[in-house]
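Trainee: I have a new structure open and no idea where to start. Can you walk me through it?
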Protein chains: 2
Amino acid sequence: MVEKVTSLQVAERAGVSQSAVSRVFTPGASVSQKTVDKVRKAAAELGYRPNVLARAMVSGKSRIIGLVVAYLDNYFYPEALEILSNELQEKGYHVLVFMASQTAGNIDAVVEEILDYQVDGIVTASVAMSSDLSRTCRQAGVPVVHFNRFEDSHGVSSVTSDNFAGGRELAQFLVAGGHQKIAYIAGWEGASTQRDREAGFRAGLAEQGHALFAHGVGEFDVDHARAAANAMFSVKPDDRPDAVFVANDHMAFAVMDELRFGLGLRIPEDVSVVGFDDVPPSAWRAYDLTTMRQRANLMVAETVDALLAHIGNPREAATRQVAIPAPLIIRGSARVPDTWPPQEG
Amino acid sequence: MVEKVTSLQVAERAGVSQSAVSRVFTPGASVSQKTVDKVRKAAAELGYRPNVLARAMVSGKSRIIGLVVAYLDNYFYPEALEILSNELQEKGYHVLVFMASQTAGNIDAVVEEILDYQVDGIVTASVAMSSDLSRTCRQAGVPVVHFNRFEDSHGVSSVTSDNFAGGRELAQFLVAGGHQKIAYIAGWEGASTQRDREAGFRAGLAEQGHALFAHGVGEFDVDHARAAANAMFSVKPDDRPDAVFVANDHMAFAVMDELRFGLGLRIPEDVSVVGFDDVPPSAWRAYDLTTMRQRANLMVAETVDALLAHIGNPREAATRQVAIPAPLIIRGSARVPDTWPPQEG
DNA sequence: ATGAAAGCGCTAACAA
DNA sequence: TTGTTAGCGCTTTCAT
């Protein structure tokens, strides 16, 4: 196994000082073209590449972003991860992944581990951390941005869709579609996405003079969602909802399967189903799910932007709470109103 | 922003030497209980945690594993990533993610970047690297294991399912099911998974006195797969296959949708469909896909095992090529033989 | 523009 | 068991 090539060896071979080598590999440094040539040549011959860790030690910037993630089974997250990683790679950063097994205390432990790696920033996807921890991060000068979770508190930024507006629009859409018995299957109450979507949905119904006809809880979990759907629809026809908003697409698929194959209902003839996220399977024709699109690319762009703004000026940049509009994607799983969007007047 | 707490500060507060502090945080080191107590107390009061990067510099072990990934849209990979990350976390390692945009030359560039981070090992998921590069890795003493890709060459390990045996069993299953016109929709030829599955499938058919009735190419891409299915089945009924093996589930969903909704065929009455991977949506009732299960947990376990074996003894451990048996998961998308598995004699 | 020198925070001999 | 002493490979003053 070949010894590691250091800048010193390159320096010797190029007949310059070690710091000259460093300068050649430091973007804005002051070096003559002649030195650059000599060093680049020697480096190429030796197969030299700067040691990122050593650089990180002395410069204090690791160019590593820690990502805390809990559920990769909701296909919104792999999509976001791919975009995030690509986007950061373009800016010279890389993503160090930390899986947070749902446990609450666990998350804090995970974040501490992240800090040990001297990351330049942290992105948490769908997980909350204690306010203690976020203070620790702030004190360490490590910016944190919550992705897909709104957290009002402690100097952390957050990027979400406008979940309230999304829930509201879905309510309008279902009411405009002539539905009379509109139900909701909730996610996990600990998540701001769940709370905002439900609040928006209820508000939208109220505005139209409607109220929730039935309510179930799916906890963002497929099995819970299926059970909730079964309980909600295993009743005599008159008591059965004619439309249901499921808090995310991931659960909506399970609900649709249960309605069709478990209970023999037709979608949308017997019941309309709408979801939230617009993950790839929502467009698969077997589901063809009407849903609110979370624009992962925009959300990630805002996340990266917020992160880099803080990394640039540790103290300067204010934390921000971004809510990105989610467009309604109309497909075939819900009855479509005669006129949509609603006409003025 | 609070200054970073170093081991030296802890040492001063605890009234011991800096190396004593280091020892307290080094698992197998020789320290008295008294010292441990003093140091732990001081560390807690100061909020000290060892700097992983500094440790990496001097010890030469970063406890970072580089992961190169290309397609997160095939849901086999998020699943594998989650398991991999969890498993490594348990052993004190973490995953640094590198997205490889399909480009060939790109992969090599990505791997060089990885090396810059002084990773202790590299896992490539569904991507191949040049033999030059793998030599570089070997010389750098960084073990590489290909996940879900078999690469005979240059001292890298690989972990896959037994794709040949899997393809073969699928052929037996379809023939036993009484199918007469059996087709195949291929993945990307550059992938060993594609080649082995097809070879096994053809071998299995041949053993039963059958030959491939039709062949299309999906390139592991949803749009290609859909087009291939359309071309293959848009013919007069007699020329239409009565069964098709699609090289992975990801494509199989698109094929099923095209057959059902594009061409009005019934599955499995008009045509049986089988896939490979057993990703979560395969179990969704709308697809209910008969498929070979890639046991992600076992594959990951072998991957981690191979990796750590090499990290333990840089030169000692031989590279290994592991092929894990894939069980057939029988669901409803293909006609089931009267007797299965085939009886002796 | 360049080199010398001083560390970044830590581990690992080596003595004691 | 403990402290002392060297570095790990690099960036960054500070002179020149």
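Mentor: We can take the two copies, then the DNA, then a sheet.

Trainee: Before that, what should I know about the model and the numbering?
Mentor: This is a predicted model, in which local features need pLDDT of at least 70, side-chain atom pairs count only at pLDDT 80 or more, and totals for chains, interfaces and linings use all residues. Residues are numbered from 1 along each chain as its sequence is written, while chains are lettered from A and ligands numbered from 1 in the order in which they are written.

Trainee: What rotation superposes chain B on chain A?
Mentor: A rotation of 180 degrees, with 0.0 Å of shift along its axis and an RMSD of 0.1 Å. The two copies are thus related as by a two-fold rotation axis. The superposition is by least squares on the C-alpha atoms of residues with pLDDT of at least 70 in both copies.

Trainee: Which residue of chain B comes closest to the rotation axis?
Mentor: Leu96(B), with its C-alpha at 2.2 Å.

Trainee: How many residues does the contact take from each chain?
Mentor: It takes 43 residues from chain B and 43 residues from chain A. Contact here means C-beta atoms, placed from the backbone, within 7 Å. On the side of chain B that touches chain A, the elements giving two or more residues include helix 5 (76-90) and helix 6 (104-116) of chain B. Helices (H or I, at least four residues) and strands (E, at least two) are DSSP runs, numbered from the N terminus.

Trainee: And the surface they meet through?
Mentor: The copies meet through the same surface, because 100% of the interface residues of chain B are also interface residues in chain A.

Trainee: How do strand 2 of chain A and strand 2 of chain B run, parallel or antiparallel?
Mentor: They run antiparallel, joined by three bridges. Val97(A) has Val95(B) as its bridge partner.

Trainee: On to the DNA. Which residues come nearest to DNA strand D?
Mentor: Of the 27 residues around DNA strand D, the nearest are Ser7(A), Ser19(A), Ser22(A), Ser30(B) and Val58(B). Near means a C-beta atom, placed from the backbone, within 6 Å. Helix 4 of chain A gives the largest share of that surface, five residues.

Trainee: Last topic. What is the strand order in the open sheet of chain A?
Mentor: Its six strands are in the order 7-6-8-9-10-12, with mixed pairing; strands pair if DSSP finds at least two bridges between them. The edge strands are strand 7 (214-217) and strand 12 (328-329) of chain A. Strand 6 and strand 7 of chain A run parallel, with four bridges, and Tyr184(A) has His215(A) as its bridge partner.

Notes. Two residues are in contact if their C-beta atoms, placed from the backbone, lie within 7 Å.
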